[in-house]
Amino acid sequence: MDMQQLRIFLSISRTLNFTRTAEEFFMSQPTVSNRIRALEEELGTPLINRSSHHVSLTEAGAEYVGYATRILETQAAAELRLRNLAADRPGHVRVAMLSSSTPYFSRALKEFSARYPKVQVDVAMMEGSDMLRAIARLDYDLYFANEPMLPHQSSKLSYAVTGVSQLHLFVNRGDLPSIDMEDWRTVGKHRFVSMQASDFTLSSQIDRVCQNRGIQPDIINYYNRADMLLLSVDSGAGVAILPPEVAAMKCPENVIALPIPGDDASLRSVVAWKTDSENAEADRFRDIALAQSRVVRSE
């Protein structure tokens, strides 16, 4: 098996067309077919159903897509790491962050990169359910997340609060005249778009906010990314409750963010790290993040 075989297989899993895949790789169609056949022989199972009029993945092929993707990602990460080592860049920090943590993370990254320009910083931006899995597996050196995501009294993770903010109601500009934040019955008349229920730390807080204000949100769509929620609000599909920091991303001009008062709408952002960390570069990044958060909170 070689990496090119995996790339060709993933292309076919996407195009379901040998001719289009051959064009992507500047190969002949028979060459593509031979590369896939060799991969199937090595794995000992068919990956693709072929006929003169139809191409589809077998059950094994559909399952192998995820494995092939991870193999390529791991190989790319390994090659980058080795290139950095060869270029006298030995330091390495792996960070997982929520999109809502962008302001806290970006300030720390800017200062860290200025101080330690030779250190490689790998960043994975995640939403709730992916972050919860990453924390549970201790996959990363640092986590820029929300406090409820962290395990209670963990001996493996420590954390500190980087900021406290209020959840906001994001509404389309055209819906603004019909909404009175002091009368949530006006909010309840609108449909909601929301993060997936698997992001239970945020979804449970949103449910509590709504229940405490006497409404049951009529959720029309779920999304797995905060930026997709903003696009949905911009389209007029519904309103959304999100951390205000998502507005630090490219917020559509027709989307207005309204702060939600009350302790139940308070959201504590944190940076977490492994208690037994032996990565000095990660410790330096953490210390910068903590120092930055203290400066911001004192302003």
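These exercises walk through the structure above, each with a worked solution.

This is a predicted model, in which local features need pLDDT of at least 70, side-chain atom pairs count only at pLDDT 80 or more, and totals for chains, interfaces and linings use all residues. Residues are numbered from 1 along each chain as its sequence is written, and side-chain values use heavy atoms, with hydrogens and water left out.

**Exercise 1: The whole chain**

Task: Find how many helices and strands the chain has, and what percentage of its residues is buried.

Solution:
- Start with the secondary structure: there are ten helices and twelve strands. Helices (H or I, at least four residues) and strands (E, at least two) are DSSP runs, numbered from the N terminus.
- Next, take the extent: the C-alpha atoms fill a box of roughly 65 × 50 × 35 Å along the principal axes.
- Finally, take burial: of the 299 residues, 44% are buried. Buried means under 20% relative accessible area, exposed over 50%, and partly exposed in between (1.4 Å probe, protein chains only).

**Exercise 2: Strand 7 and its partners**

Task: Work out which strands pair with strand 7, and why strand 7 is described as largely enclosed.

Solution:
- Begin with burial: five of the five residues of strand 7 (residues 168-172) are buried, so the rest of the structure largely encloses this strand.
- Then sort the side chains by direction: H168, F170 and N172 point one way, while L169 and V171 point the other way. In a regular strand, side chains alternate between the two faces of the sheet.
- Now look for partners, remembering that two strands pair if DSSP finds at least two bridges between them. Strand 10 (residues 240-242) pairs with strand 7 in the antiparallel sense over three bridges, and here F170 stands opposite A240.
- Strand 11 (residues 255-259) also pairs with strand 7 in the antiparallel sense, over five bridges; L169 stands opposite L258.

**Exercise 3: Strand 12**

Task: Find how many bridges join strand 12 to strand 5 and how many join strand 12 to strand 6.

Solution:
- Take strand 5 (residues 142-146): its antiparallel pairing with strand 12 (residues 266-274) runs over five bridges. N146 has S269 as its bridge partner.
- Turn to strand 6 (residues 157-166): its antiparallel pairing with strand 12 runs over nine bridges. V164 has R268 as its bridge partner.

**Exercise 4: Aromatic pairs**

Task: Explain why the pair of F112 and Y116 is classed as it is, then classify Y140 and Y143.

Solution:
- Set the rule: rings of Phe, Tyr and Trp (its six-membered ring) pair if their centres lie within 6.5 Å; planes under 30 degrees apart count as stacked, over 60 as edge-to-face and the rest as tilted.
- Count the pairs: the structure holds seven. In the pair of F112 and Y116, the ring centres are 5.1 Å apart and the planes stand at 45 degrees, so this pair is tilted.
- Add accessibility: F112 is buried at 0% relative accessibility, whereas Y116 is partly exposed at 25%.
- Compare with Y140 and Y143, an edge-to-face pair with 6.2 Å centre to centre and 80 degrees between the planes. Both Y140 and Y143 are buried.
- Step back to the cluster: ring pairs link F105, F112, Y116, F144 and F285.

**Exercise 5: Positive phi angles**

Task: Locate L16 and F26, and decide whether F26 is buried or exposed.

Solution:
- L16 lies in the loop between helix 1 (3-15) and helix 2 (18-24). Its phi is near 50 degrees, a positive value in a residue other than glycine, and L16 is partly exposed with a relative accessible area of 37%.
- F26 belongs to the loop between helix 2 and helix 3. The phi of F26 is positive too, near 55 degrees, and at 78% relative accessibility F26 counts as exposed.
- One further case is L138, just after helix 6, with a positive phi of about 55 degrees. Helix 6 (residues 128-137) itself has G128, S129, M131, L132, A134 and I135 buried.

**Exercise 6: A polar contact in strand 4**

Task: Find which side chain Q120 contacts.

Solution:
- Place the residue: Q120 is in strand 4 (residues 120-126) and is buried at 6% relative accessibility.
- Identify the partner: the side chain of Q120 makes a polar contact with the side chain of D122 at 3.0 Å. A polar contact is a pair of N or O atoms within 3.5 Å; within protein, one must be able to donate a hydrogen and the other to accept it, and residues adjacent in sequence count only if both atoms are side-chain atoms.
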